[in-house]
Amino acid sequence: MTRLTKTPTHSQTVMNELVLPNDTNTLNNLMGGRLLHWMDICAAIAAQKHANRIVVTASVDNVSFNRAIRLGNLVNMTATVTRAFQTSMEVRLEVWCENIPQGIRHLCNQAYFTFVAVDDAGQPTAVPDLQPETPEEVQQYEGALRRRQLRLVLGGRMKPSEAHELRSIFQDVPPRDYSPGTNP
Ligand SMILES: CC(C)(COP(=O)(O)OP(=O)(O)OC[C@H]1O[C@@H](n2cnc3c(N)ncnc32)[C@H](O)[C@@H]1OP(=O)(O)O)[C@@H](O)C(=O)NCCC(=O)NCCS
């Protein structure tokens, strides 16, 4: 049977939250855990739109909190599926914070989430293929394979020797000088 194909547009998801007192720490900044919760929901909606299935979070790549988000800010999240594998999907998320009265908007976080589509018994089930359309979507699609290999290696689910696309990035990098007196 031919596998259904979707584009990233099918999964595009936008979610907004207003930072209220109950979301903040004692410095009146948004708590990291609350932001991760919102990011997980936004990314899961995108994955569900692609799969038309219930999805579970399999992993979250490194998330850096580069900029504090203040009480009263609007948090604007956009999520899109970048690539579908067999039962899993990578979702890219951007988080913007906005001070509406001042008209200032900043990119605060970017992250990649991996979701797995499951059936009624909670077993992984196949998802539609993804066909990127724009140059940026193609770039994300191609990078997704390397990112998948990195997270599977770190998660102990793939041997480094099997991560061929990931290893190819480093093949042209000359070995570093670790002799005494150098600063690695
Ligand atoms: C995610 C889960 C469904 C995977 O089940 P499993 O029995 O290990 O299934 P498989 O080994 O067949 O893997 C299924 C897919 O998950 C992917 N996967 C599993 N663990 C992963 C990880 N840590 N990171 C990225 N992808 C992962 C596999 O690569 C595979 O993808 P593919 O089918 O596209 O190739 C299962 O581990 C689970 O239910 N975890 C709990 C999910 C959850 O509760 N999330 C909320 C946490 S708070």
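# Notebook: a five-stranded sheet and its ligand shell

Started with the sheet: 5 strands, open, in the order β2-β4-β5-β6-β3, with antiparallel pairing. The edge strands are β2 (13-18) and β3, each of which pairs on one side only. I got an average twist of 30° from one strand to the next. For pairing I used the rule that DSSP must find at least two bridges between two strands. Strands (E, at least two residues) and helices (H or I, at least four) are DSSP runs, numbered from the N terminus.

Notes to self on the source. This is a predicted model, where local features need pLDDT of at least 70, side-chain atom pairs count only at pLDDT 80 or more, and totals for chains, interfaces and linings use all residues. Residues are numbered from 1 along each chain as its sequence is written.

**Whole chain.** I counted 3 helices and 7 strands, in the pattern β-β-α-β-β-β-β-β-α-α along the sequence. The C-alpha atoms fill a box of roughly 60 × 50 × 35 Å along the principal axes. Next I checked contacts, meaning C-beta atoms, placed from the backbone, within 7 Å. Taking pairs at least 6 apart in sequence, 69% of the contacts join residues at least 24 apart.

**Strand pairs.** I went through β4, β5 and β6 next. β4 (residues 74-84) and β5 (residues 88-99) run antiparallel and are joined by 10 bridges. They form a hairpin with 3 residues between the strands. β5 also runs antiparallel to β6 (residues 104-118), with 12 bridges. That hairpin has 4 residues between its strands, and Gly-103 there takes a positive phi near 70°. Leu-93 sits between two partners: Ala-79 stands opposite Leu-93, and in β6 the bridge partner of Leu-93 is Ala-111. Ser-88 has Val-116 as its bridge partner in β6.

**Helices on the sheet.** Which strands does α1 lie across? I found β2, β3, β4, β5 and β6, with α1 running at about 40° to β4. α2 lies across β3, β4, β5 and β6, at about 85° to β4. The axes are lines fitted to C-alpha atoms, for helices over the stretch in contact, and the angles run from 0 to 180 degrees between N-to-C directions.

**Core.** Buried residues (20 or more other C-beta atoms within 10 Å of their own, C-beta atoms placed from the backbone) make up 26% of the 184 residues. The largest nonpolar core has 30 residues, and those with the most contacts inside it are Met-39, Ala-43, Ala-47, Met-89, Val-91 and Leu-93. α1 (32-51), β4, β5 and β6 each supply at least two residues of this core. A core here is a set of buried Ala, Val, Leu, Ile, Met, Phe, Trp, Tyr and Cys residues joined through C-beta atoms within 7 Å. I followed Met-39 outward: leaving out residues up to four places away in sequence, Met-39 touches Met-77, Leu-93, Val-95 and Ala-111. In soluble globular proteins, nonpolar side chains tend to be buried together.

**Ligand shell.** How many residues surround the ligand? I get 16, the closest being Ser-59, Phe-85, Gln-86, Thr-87 and Ser-88. The elements giving two or more residues to this shell are β3 (54-60), β6 and α2 (135-154). β3 gives the most, with 4 residues. A residue is in the shell if its C-beta atom, placed from the backbone, lies within 6 Å of the molecule. By type, the shell divides into 7 nonpolar, 7 polar and 2 charged residues. The classes: Ala, Val, Leu, Ile, Met, Phe, Trp, Tyr, Cys and Pro count as nonpolar, Asp, Glu, Lys and Arg as charged, and the others, Gly among them, as polar.

Key. A residue is buried if 20 or more other C-beta atoms lie within 10 Å of its own, exposed if 12 or fewer, and partly exposed in between; C-beta atoms are placed from the backbone. Two residues are in contact if their C-beta atoms, placed from the backbone, lie within 7 Å.
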